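Here is a small set of exercises to work through at your own pace. Have your viewer ready, try each task, and then compare your steps with the solution.

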Amino acid sequence: MSVSVMLFTSDLRVHDQPALAAAVREADEVVPLFVRDPGIHRAGFDAPNRRAFLADCLASLDDGLRGRGGRLVVRSGDVVAAVGRIVTETGARSVHLAAGVSGYAAGREKALEAALAPLGCVLRVHDGVVTALPPGGVTPANRDHFAVFTPYFRRWAAAGIRPVVTAPRRIAVPDVPGEPLPARAEVTGVSPGLATGGEEEGRRRVKSWLARTGSGVDAYEERHDDLAGDATSRLSPHLHFGSLSAAELVRRAGDRGGAGAEAFVRQLAWRDFHHQVLAARPDAARADYRTRGDRWRDDEKEITAWREGRTGCPVVDAGMRQLRHEGWMHNRARLLTASYLAKTLYADWRTGAAHFLSLLVDGDLANNQLNWQWVAGTGTDTRPNRILNPLAQARRFDPDGSYVRRWVPELASVPGPAVHDPAPEDRARLGYPAPLVDLGEARDRFSRARGLDT
Ligand SMILES: Cc1cc2nc3c(=O)[nH]c(=O)nc-3n(C[C@H](O)[C@H](O)[C@H](O)COP(=O)(O)OP(=O)(O)OC[C@H]3O[C@@H](n4cnc5c(N)ncnc54)[C@H](O)[C@@H]3O)c2cc1C
């Protein structure tokens, strides 16, 4: 009997799962393995919302494998040591793993390769599992990655996405012991409105997203920025954990066709874009991608008000409170809350990115850090010094103020767009703070700091 190990990481699914399909093709028996590695906690990737969603994903993956005659084997400990032990116990000759893009993932691949070789076992790393197009799938002349989205997208769209891989019909698992699956109920500190995870739920969501009218993919182009309308897919956590395949989603949306689907696929290409930047520049998770010589102010009192959604700028506070309540925030709200921190308050983007990562259920290094850098003007934005005016943004993307009233209940009685800038006496009466900063003065301060004419 030949044995392979399928080491699951950010690819917790059985459908369109090239690494799992290859493991099943290669050996008579496969160990579908997930390792709860404390290294993830040390690397700062851990957060209660993601741990809870992960528990759902593992339960759903186990169900998917059981439906094919298999099961998920869970172990705890250092991932390299745990894989080595399974290989020794089963005599496995190969370990299959999806390629990752972070420095942590690269280190893990290297360490696994080195540990497995003396055991007579090879590591097979699969591209195109986590992203639709692998990092390096398209590159500009003389560079290892694209630093600007538009030319990347042109090449990405022309490159074509790999065909969808059929889920294995049967998976035979050798008799190896495992631990109980982690339970969502055991995780504390979870946001009350956190979504449900897992492949089954992800596939149900895709089906409804592609089919529904008015707030589904067909309406995406016109409605994706409508803060109160909530007309985006909310598929980001499923893509983060790989309970959905990005490649399959691109193909299915492409088959659906139309302007909405095209705009949606373009956003999925943004995801791939940031992943290819991080794969080439893993240091961009922490260091400025392009340094602008910033001397961030980092005023602790202001940062705390921002984290708590008490800046006195209603749309910013609404976004920050949605984040805390749901572990998710609308993209337009992410843009303007991040811009408020990094440009209006002129605080270090790393501080904001760390707060987002502590709560976001879809929080990942590629999308979070590089979007933060984009907003802060230290990343790939070709107009790094633009400042979003949160009031103008609020009036445009929440024209009747419903989004703000939903998330800032003290202001629920303020009618219409007046909620975006309540009068001082209304703020005092309703227990809502005065603005933390004057937006005009903050804009001038930022411009001066970046050496621009004000
Ligand atoms: C400061 C900031 C931090 C962010 N942090 C994260 C993060 O940690 N994880 C994350 O997945 N996204 C992040 N984003 C990108 C974006 O806000 C979310 O992907 C999106 O809001 C998720 O909601 P959705 O699934 O309904 O998106 P939809 O609008 O339905 O888009 C579909 C998918 O496209 C991808 N996508 C959309 N916009 C972007 C983008 N700007 N960059 C990369 N991929 C994108 C996502 O995978 C998303 O699920 C961040 C954006 C900003 C401005």
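The exercises below go from the core to the ligand shell and then to backbone angles.

Before you start, note that this is a predicted model, in which local features need pLDDT of at least 70, side-chain atom pairs count only at pLDDT 80 or more, and totals for chains, interfaces and linings use all residues. Residues are numbered from 1 along each chain as its sequence is written.

**Exercise 1. The core**

Task: Find which residues have the most contacts inside the largest nonpolar core, and which helix gives this core its largest share.

Solution.
- Step 1. Start with burial: a residue is buried if 20 or more other C-beta atoms lie within 10 Å of its own, exposed if 12 or fewer, and partly exposed in between, with C-beta atoms placed from the backbone.
- Step 2. A nonpolar core is then a set of buried Ala, Val, Leu, Ile, Met, Phe, Trp, Tyr and Cys residues joined through C-beta atoms within 7 Å.
- Step 3. The largest such core holds 125 residues, and Val5, Met6, Val31, Leu33, Val83 and Val95 have the most contacts inside it. Helix H11 (residues 259-280) provides the largest share, nine residues. Helices here are DSSP runs (H or I, at least four residues), as are strands (E, at least two), numbered from the N terminus.
- Step 4. Now pick Val31 and list its contacts (C-beta atoms, placed from the backbone, within 7 Å). Not counting residues up to four places away in sequence, Val31 touches Val3, Val5, Met6, Val73, Ile86, Thr90, Ala92, Val173, Pro174 and Val176.

**Exercise 2. One side of a helix**

Task: Work out which residues of helix H1 (residues 18-26) are buried, and what covers them.

Solution.
- Step 1. The burial count picks out Ala19, Leu20, Ala23 and Val24.
- Step 2. Take the directions from the helix axis to the C-beta atoms, whose spread is the arc. These residues cover an arc of only 135°, so they sit on the same side of H1.
- Step 3. Their cover includes strand E1 (3-7), strand E2 (29-36), strand E4 (94-98) and strand E5 (122-126).

**Exercise 3. A leucine and its distant partners**

Task: Place Leu58 and decide whether Leu58 is buried or exposed.

Solution.
- Step 1. Leu58 belongs to helix H3 (residues 48-66).
- Step 2. Leu58 is buried because 24 C-beta neighbours lie inside 10 Å.
- Step 3. Beyond four places in sequence, Leu58 touches Leu12, Phe34, Leu72, Val74, Leu181 and Pro182. Ala183 is 125 residues away from Leu58 in sequence, yet their C-alpha atoms are 9.2 Å apart.

**Exercise 4. Annotated site and ligand shell**

Task: Inspect the residues that UniProt annotates as "binding site", then describe the shell around the ligand.

Solution.
- Step 1. The unreviewed UniProt entry lists Tyr220, Thr232, Ser233, Arg234, Leu235, Ser236, Phe264, Asp362, Gly363 and Asp364. They are spread over 145 residues of sequence and up to 23.4 Å between C-alpha atoms. Such annotations may be inferred rather than shown by experiment.
- Step 2. Check two of them. Ser233, in the loop between helix H8 (220-223) and helix H9 (236-241), is buried, with 23 other C-beta atoms within 10 Å. Asp364, in the loop between helix H15 (349-359) and helix H16 (365-376), is buried too, with 26 C-beta neighbours inside 10 Å.
- Step 3. Build the shell from residues whose C-beta atom, placed from the backbone, lies within 6 Å of the ligand. Of the 28 residues in it, Thr232, Ser233, Ser236, Asn368 and Asn371 come nearest.
- Step 4. H11 gives the most, with six residues. H9, H11, helix H14 (331-344) and H16 each supply at least two.
- Step 5. By class, eleven are nonpolar, twelve polar and five charged. Here Ala, Val, Leu, Ile, Met, Phe, Trp, Tyr, Cys and Pro count as nonpolar, Asp, Glu, Lys and Arg as charged, and the others, Gly among them, as polar.

**Exercise 5. Positive phi**

Task: Examine phi and burial for Arg234 and for Tyr346.

Solution.
- Step 1. Recall that most residues other than glycine have a negative phi.
- Step 2. Arg234, in the loop between H8 and H9, has phi near 55° and is partly exposed, with 16 C-beta neighbours inside 10 Å.
- Step 3. Tyr346, in the loop between H14 and H15, has a positive phi of about 50° and is buried, with 21 other C-beta atoms within 10 Å.

How values were computed
Two residues are in contact if their C-beta atoms, placed from the backbone, lie within 7 Å.
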